[in-house]
Amino acid sequence: MQPQYDYNFTDGDQENSFRFKRARIGVRGKVVGNFSYYFMLETSPFIGSTGDAYLMDAFVTYEADNWARISMGSFKQPFSLDVQTPCNDLKTIERSVVADQLVAPQRDFGVAIFGGNKFNRLNYAVALMNGRGLGVKDDNEKKDIMGRASYKILRNLTVGASFRYGYPIPNNNEDDRTSYGGDFLLELGKFELQGEYIYDEGAYFAGAGGGCGATPIALGEERDGAYIMASYDVTEKFQPVFKYEYFDADINLKDNIGYSERMTLGLNYFVNSKVRFQVNYLANIETVVNVDNDALLTQVQVKF
């Protein structure tokens with residue numbers, strides 16, 4: 001559970017409120033032999049179009065070995081380091097804007113093969129998915145193919161790459177979409193540096209949503225974005241975080257209102273392994289339209 005309070009420094013009417021960022025409950029386990037299952041519901045009334053609880057993840061996995069785990073059902077798209085990071089392990093309250101807007105839908109129905117684990121230098125995932133998102137029956141003949149691979153090239157440096165090709169428009173087998181991504185993770189003792197770049201072009205369907213409650217915006221033919229994030233474990237309990245990011249909704253349009261930059265100053269306090277407090281100040285930087293829309297977010301997380 002992630003109850004949260006948002007204070008927005010906006011011009012005119014402010015939207016400052018308490019809410020649930022996420023409120024999820026699930027179960028996982030072994031069935032028989034190498035077959036396992038995972039099932040999770042999102043119950044936060046602030047995520048989704050209706051406010052009702054809905055199915056997020058539900059898949060069955062066959063574990064052949066470390067290099068071949070096959071899952072079928074509803075799960076996250078294997079694209080982007082930011083998206084693949086579980087929400088309870090995010091160092092900032094908000095995911096990066098580029099991941100929220102361009103890796104959409106973040107969850108979908110399909111089948112995937114996963115390989116590798118924490119003891120291997122190489123990890124990979126390849127998936128064939130509907131491309132329409134959750135709660136929607138696929139209504140075209142095409143499927144999306146996507147994947148991500150990461151390799152630990154040094155003891156403290158991991159690099160990754162993502163790819164997606166698909167047909168996101170309902171009842172449309174002609175207009176396609178292509179996405180690329182590259183990321184890295186540098187771990188130097190208590191210091192950690194993470195970065196990622198995502199490029200996306202072609203057709204898109206705003207109805208698929210922008211991620212975990214993010215509001216999708218209008219996109220041009222080509223769009224991209226990136227972020228870099230640094231954190232340092234001062235103690236086992238205190239962890240300051242700094243993140244800089246940019247997002248361009250249309251890289252072919254000069255001085256477009258879809259271009260934005262953001263700096264996030266954060267502090268994480270870990271009571272123990274199950275309880276965490278987060279405070280984030282979001283300094284939104286608009287280069288085209290001068291609008292006061294910074295925000296102060298506070299959140300407490302409980303997991304078990």
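**Buried ends and paired rings**

Biologist: Which class does Lys143 fall into at a relative accessible area of 35%?

Modeller: Buried means under 20% relative accessible area, exposed over 50%, and partly exposed in between (1.4 Å probe, protein chains only). With its 35%, Lys143 therefore counts as partly exposed.

Biologist: What am I looking at here?

Modeller: It's a predicted model, where local features need pLDDT of at least 70, side-chain atom pairs count only at pLDDT 80 or more, and totals for chains, interfaces and linings use all residues. Residues are numbered from 1 along each chain as its sequence is written, and side-chain values use heavy atoms, leaving out hydrogens and water.

Biologist: Which residue meets Lys143 in a salt bridge?

Modeller: A salt bridge here is a side-chain nitrogen of Lys or Arg within 4 Å of a carboxyl oxygen of Asp or Glu. The N to O distance for Lys143 is 2.9 Å. Its partner is buried, with a relative accessible area of 15%. That partner is Asp138.

Biologist: How far apart in sequence are the parts tied together by Lys21 and Glu94?

Modeller: The side chains of Lys21 and Glu94 meet in a salt bridge at 3.0 Å, N to O. Lys21 lies in strand β2 (residues 17-22) and Glu94 in the loop between α1 (81-84) and α2 (97-102), so the pair ties together parts separated by 73 residues.

Biologist: And is Glu94 buried or exposed?

Modeller: Its bridge partner Lys21 has a relative accessible area of 6% and is buried. Glu94 comes in at 19%, so Glu94 is buried.

Biologist: Which residue bridges to Arg223, with the closest N and O atoms 2.8 Å apart?

Modeller: Arg223 is buried, with a relative accessible area of 0%. Its partner also counts as buried at 0% relative accessibility. Both belong to a network of salt bridges that also links Arg164 and Arg177. The residue bridging to Arg223 is Asp200.

Biologist: Why is the pair of Phe75 and Phe114 edge-to-face?

Modeller: Rings of Phe, Tyr and Trp (its six-membered ring) pair if their centres lie within 6.5 Å; planes under 30 degrees apart count as stacked, over 60 as edge-to-face and the rest as tilted. Phe75 and Phe114 have centres 6.4 Å apart and planes at 70°, so the pair is edge-to-face.

Biologist: Which residues join Phe75 and Phe114 in one aromatic cluster?

Modeller: Phe75 counts as buried, at 4% relative accessibility. The cluster holding Phe75 and Phe114 also takes in Tyr38 and Phe59.

Key. Helices (H or I, at least four residues) and strands (E, at least two) are DSSP runs, numbered from the N terminus.
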